[in-house]
Structures are given as structure tokens and as C-alpha cells.
Amino acid sequence: MFVAVAQIVSALAVTLTLIAVIVSLRQNTRSQKALAVESLAAAITAINVPAIQSPALGAALAKVSADWNSASREERIIAHFFLFSFFKLLENAWYQQKAGILDDAQWIGWETILRKYYHAEGVQRAWWPGRKNSYSPEFQKFLSETKPPEELSTLKELFG
């Protein structure tokens, strides 16, 4: 009888330990997801800080998005570094979304703006063909299967 009680107590201890581990894993997963979202927000802020300090980046992006050749050499250089960083950041976000770290609700906004830049005439005709191999084949394939979003205006329309 004493052995039976000890086995029941042992089984309860194992069950409670497993429950504690499950709860801990769920909390850790939520924390990791929050950290990923926070990291993406910090990264896009770091990319956009130069645009806040100088409107040259916005003007350059508006021009190259519409027509790469309409921009000056300096504007193309500025836009290139933004686009390279932006697409690398969104490639990272895409992998996080595929891994289930970034929720679909959070991904939709990132994906919409990504498609807007990707399908921009200047990006498609001039920038992307010369830079696409800087990104993973899987990400390239994903982008090639997307359509431009209709719900976002162009930068030229936005900036006036």
C-alpha cells in the first residue's frame, strides 16, 4: 500500500513538472515572438531615421520607384542602400513568418509594403535584376509569385 501511494505521488510530481515545462515553453515562445516583432520595428526605424533627418531619401525612392533612370546618380545610390537594407530586413521577416515566429496578422503589413516596392516599375526594371541574387532563392521565388498591392499609393502620390 505504501508503494502504491508513493507511485501515485511520483506520477503526480511528474505530471506537475510536465505542466510547468509546457507553461514555461509557451511563455518563452510568446517572449521570442514579441522579441522578433520588436527587433523588426527597431530595424525599420534604423533604416528610416536618415529619411527623417533629410527628405533626400524619400525623394530618391519616389523617383527610382517610378523610373530608375529619372533619378540622378546620387539619388540612385541613396535609394540602392535603402532598398538593399529594406529587402534584407523583409527577407528576415519572411523567414520569421514562415517559421511561425511572426504572426500572419503582423506579417500582412510588412508583406504589403514589400510587394509595393518589389513591383515598382523602377525596382523591377533596373534595381532588382541586378541585386536579386543577394537574396535567397526561396525569397526570390516568393516575391516572383506575388502581385502588386492595390491598396497603397505610390511614393510620388504620397509625397506630392
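These legends go with four close-up views of a predicted model.

**View 1. The largest pocket and the residues around its centre.**
Here we're looking into the largest pocket, which comes out at a volume of about 280 Å³. Its lining counts 16 residues, and S65, K116, S153, T154 and L155 are the closest to the centre. By class, the lining splits into eight nonpolar, four polar and four charged residues.

**View 2. Helices that line the largest pocket.**
Staying with the largest pocket, this view picks out α2 (56-66), α4 (104-118) and α7 (155-159), each of which gives at least two residues to the lining. The largest share is from α4, with four residues. While you're on α4, have a look at E111 and R115, whose side chains form a salt bridge at 3.2 Å, N to O. These two sit four residues apart in helix α4, so about one helical turn separates E111 from R115. The structure has six salt bridges, and the E111 and R115 pair is one of the pairs joined this way.

**View 3. Where α2 crosses α3.**
Besides helping to line the largest pocket, α2 packs on helix α3 (residues 73-98), with the two axes coming within 8 Å and crossing at roughly 90 degrees. An angle of 65 to 115 degrees counts as roughly perpendicular, so that is the label for α2 and α3. On the α2 side, the contact uses A56, L57, A60, L61, K63 and V64, while α3 brings E75, R76, I78, A79, F82 and L83. Sorted by class, the contact residues are nine nonpolar and three charged, with no polar ones.

**View 4. Where α3 meets α6.**
Now follow α3 to its packing with helix α6 (residues 137-144), where the axes lie 11 Å apart at an angle of about 95 degrees. That makes α3 and α6 roughly perpendicular to each other too, and therefore they get that label. From α3 come F87, L90, E91, W94 and Y95, and they meet E138, F139, F142 and L143 of α6. The class count for this contact is seven nonpolar and two charged residues, again with no polar ones.

Key
Residues are numbered from 1 along each chain as its sequence is written. This is a predicted model: local features need pLDDT of at least 70, side-chain atom pairs count only at pLDDT 80 or more; totals for chains, interfaces and linings use all residues. Side-chain values use heavy atoms; hydrogens and water are left out. On a 1 Å grid over the protein atoms alone, a cavity is a set of points where a 1.4 Å probe fits but cannot get out, and a pocket is an open set with protein on both sides within 12 Å along at least five of seven lines; lining residues have an atom within 4 Å of a point. Grid points are joined across faces, edges and corners, and a volume is the space filled by probe spheres set on the points. Ala, Val, Leu, Ile, Met, Phe, Trp, Tyr, Cys and Pro count as nonpolar, Asp, Glu, Lys and Arg as charged, and the others, Gly among them, as polar. Axes are lines fitted to C-alpha atoms, for helices over the stretch in contact, and angles run from 0 to 180 degrees between N-to-C directions. Angles under 35 degrees count as roughly parallel, over 145 as roughly antiparallel, 65 to 115 as roughly perpendicular and the rest as oblique. Contact means heavy atoms within 4.5 Å. A salt bridge is a side-chain nitrogen of Lys or Arg within 4 Å of a carboxyl oxygen of Asp or Glu.
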